[in-house]
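Biologist: Before I rely on the terms used for this model, I would like to see what stands behind them.

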Amino acid sequence: MNILVCLSQVPDTTTRIVFTADGKSLDKNGVQFIINPYDELALTKALELNESMGGGRVTVVHVGRADSESNLRKAMAIGADQAIRVDADATDAVQVARELAAIASKDRYDLILCGRESIDYNGGMVGGMLAELLGLPLVNIMTSISSNGTEAEVSFDVDGGRAYAQVAHPFVATCQKELTEPRIPNMRGIMMARTKPLEVVAASVNAEQTQVLHYEPPVAKSGCRFVDAGDMDQLVSLLHEQSKVI
Amino acid sequence: MSVLVFAPVQDGILKKLALEAVSFGVQLAHSLQSNCSVLCSSEISAEAHQQMQDLGVALCLKAEHDLMDFDAVVHDLTQAAARVGAQQLVISNTYLGKSVAPRLAVRLGMPLASGVIDVPKKSNDGWGIRRSVFSNKGYAFLQVKGHPCVMAITPNSFPIENRTVGECKTEALAVPFDGHQIKIQVNRVDRVVGKIPLTEAERVVSAGRGLKGPENWHLVESLAASLDAATACSKPVSDMHWRPHEEHVGQTGITIKPDLYIAIGISGAIQHLAGVSSSKVIVAINTDKEAPFFKVADYGIVGDAFDILPRLTAAVQRFKASHA
Ligand SMILES: Cc1cc2nc3c(=O)[nH]c(=O)nc-3n(C[C@H](O)[C@H](O)[C@H](O)COP(=O)(O)OP(=O)(O)OC[C@H]3O[C@@H](n4cnc5c(N)ncnc54)[C@H](O)[C@@H]3O)c2cc1C
Ligand SMILES: Nc1ncnc2c1ncn2[C@@H]1O[C@H](COP(=O)(O)O)[C@@H](O)[C@H]1O
C-alpha cells in the first residue's frame, strides 16, 4: 500500500518541563526532541502492513523547521522510504492539518496514519481534522489493523470498551499503544537513510485560528502529610473530613 | 450567540460527564447573556429532562442515532447548530468527543479548543482558554481568534450546578442522518462489564511493580471495591501482562483526573506522574520513604502494601458501615 505517516516531534518523555522567563514558550535548553511515541507506532505499523503484503511505500511527513530533520532521518532509518518536511512553524492544529491535507492530496494514499495525540500539546486534534479535510473516514484511537489492501479490519477504543469494525481504503487512522512495538533503527537502516530523499516544501496555507499566549507551570502541592502505617482509620477520616473524597 | 452542548444518552439517562458538559454550557451561555440548548443522542427519561431543566437548559433537541456512528453525531450536531444558531459547541473530551470534535470544528469552520479545564474568558478578540499541556506538566493559555468555537472539555473538571432559567422545551431534530456516508462498519463492541471505566471514575486505586505479581491483585481489587473505585496500573505492570492494557495510566497510557488516586507500590516516575498528577487528592503507599511519588502526594504511608492494603480496606468498610 501507499501509506502516509504524519510525524510530530516532542520533548523526550523524561524532560523536566520549564518555561522561559517571559512564560511565552518552552525553555528548549538541553531538551532532546524525539518522534512522538504514538507516531513511532504508526510508522512501525505502516512498515509491518507493507511487509505482510510484500510491497508498497511509506512516506513520512512533518510540519516543522529544519531542526526536526534528524528525526526524519531516524524515521527513514527505521524504514520509511522517503520524508517530506513542510517548512512552517507548527503552532495550531488546523494550520498543521491543512498543510498535511495539501501533501496528502498530491498523491493517492491508501492509508494515512497519525498518532492519537502528540504528547506535548496533547491536542488529539490533527488526525480528525485531516480526515474531515480530505473527506475520508476516521478510525480514531486504533489498537489493531489487518488489511488486504482494499479493506481493513480494525479495532479501536471507545468509551467503556473496544469496537471491532471493517473499513474500506483509503482512510485516516490515529494510532494507540497495543498496535505494535516501536522498531529501533539498525546500522544498515542508518546507512541507507542517508541517501533516501528528504524533500522540503514551502508552507502553502496560513490558517491559524488559535495562539498560545503564555504558559504556566502546574501549582505545586503543599506537601505530603505522612500517616502512620498502623493507623488506617486516621487516613480514612482525613480523606472524609479534610479532603471530602470519600 | 447561543451555546449547544452534545449529551450522549445511555438507556434514557444522562451520565455524570454529560451533566458536567451541560452545566458548563449553561454557565458559558450565562456569561454571554444567551441561552443553552442540548442535543441529546436519543430519547431521555422524564427524570433526565427534569435534570436538564434544573441545570438551566432552554431547549432539548432530540436526535435518534447510534452513539457508535460518529458520522451521524457530527452531522446531527452540524444541523442542530444551524437550527439554534449556536456559535459555541461543547462536548466532553471522552473517546467519543475526541472522534467527533475535530471533524465538527473543520466542518463548521470553527476553531477547536480541546482539553479545556476552566470556563473560558471572553474578550473582544475572542476567547482566553486554559488547558493542560505536556501531560499535565504545565498549562497553556490559548487565545482563540473570534468567538465561534468548539470546546472539548476535560472530564471531571467542572461542577454540576443547578441554575433554573425556566422551562426546558423539547423538539425532535427534524433532519435525520440518512447514513449514506457510513463507511466504517462496526461489527461488534466489547464493553467492559462489572467494572467502573477508568476514564469515568471518581476514585482510582492503582498499583505498580511493588505488588510483585498478578496473583496479588485481589488486594488492590478489594480496596477498589470498598471505595467504588476503578483499578489502574503502571506501565511495566501492563507490559508484563499482569493487568490489561486499558488500565495503564501515564504519559503513554491514559490520562486521568479523579477526585482520589491511591498509588500502591508505584515509584512515581515522571512518565507515570504525567498521567495522574492532576488528580484532586493523591495517596501514596510505598516501602521506600524516598519514593518520588511522595513529592506529589497529599497523604503518604511508608510501609509494606501487603500489610497495609487489608487493613486499609477494613478501615474503609468500617467507615462505610458507620456512615451508612
Ligand atoms: C517513553 C516512556 C514512556 C513511559 N510511559 C509510562 C506511562 O505512561 N506510565 C507509567 O506508569 N510508566 C511509564 N514509563 C515507565 C516509567 O519510567 C517507570 O519505569 C514506571 O512507571 C515504573 O513502574 P513502577 O512504579 O510500577 O515500578 P518501579 O519503578 O519498579 O517501582 C516499584 C515501587 O514499589 C515499591 N515497593 C516495592 N515493594 C513494595 C511493597 N511491598 N509495598 C509497597 N511498595 C513497594 C518500591 O519502593 C518502588 O517505589 C515510561 C517510560 C518511558 C521510557
Ligand atoms: N507538526 C506536525 N507534523 C506532522 N504531523 C503532525 C504534526 N503535529 C501533529 N501531527 C500528527 O497529528 C497527531 C495528533 O497531534 P495533535 O493533534 O497535535 O495531538 C500526531 O500524533 C501526528 O501524527
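The questions below concern the ligand and one helix of a predicted model.

Biologist: How do you know that ligand 1 makes a polar contact with His272(B)?

Modeller: The cut-off for a pair of N or O atoms is 3.5 Å. An oxygen atom of ligand 1 is 2.7 Å from an N or O atom in the His272(B) side chain, so the pair counts as a polar contact.

Biologist: What makes Asp304(B) and Thr287(B) partners of the ligand as well?

Modeller: A ligand nitrogen is 3.0 Å from an N or O atom in the side chain of Asp304(B). For Thr287(B) the partner is a polar backbone atom, 3.3 Å from a nitrogen of ligand 1. Both values are within 3.5 Å, so both pairs qualify. The protein buries 76% of the 980 Å² that ligand 1 exposes when taken alone.

Biologist: Where does ligand 1 lie, and which residues come nearest?

Modeller: Ligand 1 sits between chains A and B. Of the 27 residues around ligand 1, those that come nearest are Ser234(B), Ser267(B), Gln271(B), His272(B) and Asn286(B). In chain B, α6 (235-239), α7 (270-276) and α8 (305-322) each supply at least two residues of the shell.

Biologist: How does the shell around ligand 1 divide into nonpolar, polar and charged residues?

Modeller: The shell holds 16 polar, 6 nonpolar and 5 charged residues. Gly counts as polar here.

Biologist: Why is Met129(A) in helix α4 called buried?

Modeller: The word requires under 20% relative accessible area, so Met129(A) falls below that limit. Other buried residues of α4(A), residues 126-134, include Leu130(A) and Glu132(A). Just after this helix, Gly135(A) has a positive phi of about 65 degrees.

Definitions and conventions. Residues are numbered from 1 along each chain as its sequence is written. Chains are lettered from A and ligands numbered from 1 in the order in which they are written. This is a predicted model: local features need pLDDT of at least 70, side-chain atom pairs count only at pLDDT 80 or more; totals for chains, interfaces and linings use all residues. Side-chain values use heavy atoms; hydrogens and water are left out. Buried means under 20% relative accessible area, exposed over 50%, partly exposed in between (1.4 Å probe, protein chains only). Helices (H or I, at least four residues) and strands (E, at least two) are DSSP runs, numbered from the N terminus. A residue is near a molecule or strand if one of its heavy atoms lies within 4 Å of it. A polar contact is a pair of N or O atoms within 3.5 Å; within protein, one must be able to donate a hydrogen and the other to accept it, and residues adjacent in sequence count only if both atoms are side-chain atoms. Accessible areas come from the Shrake-Rupley method with a 1.4 Å probe; for residues, only the protein chains shown count as cover.
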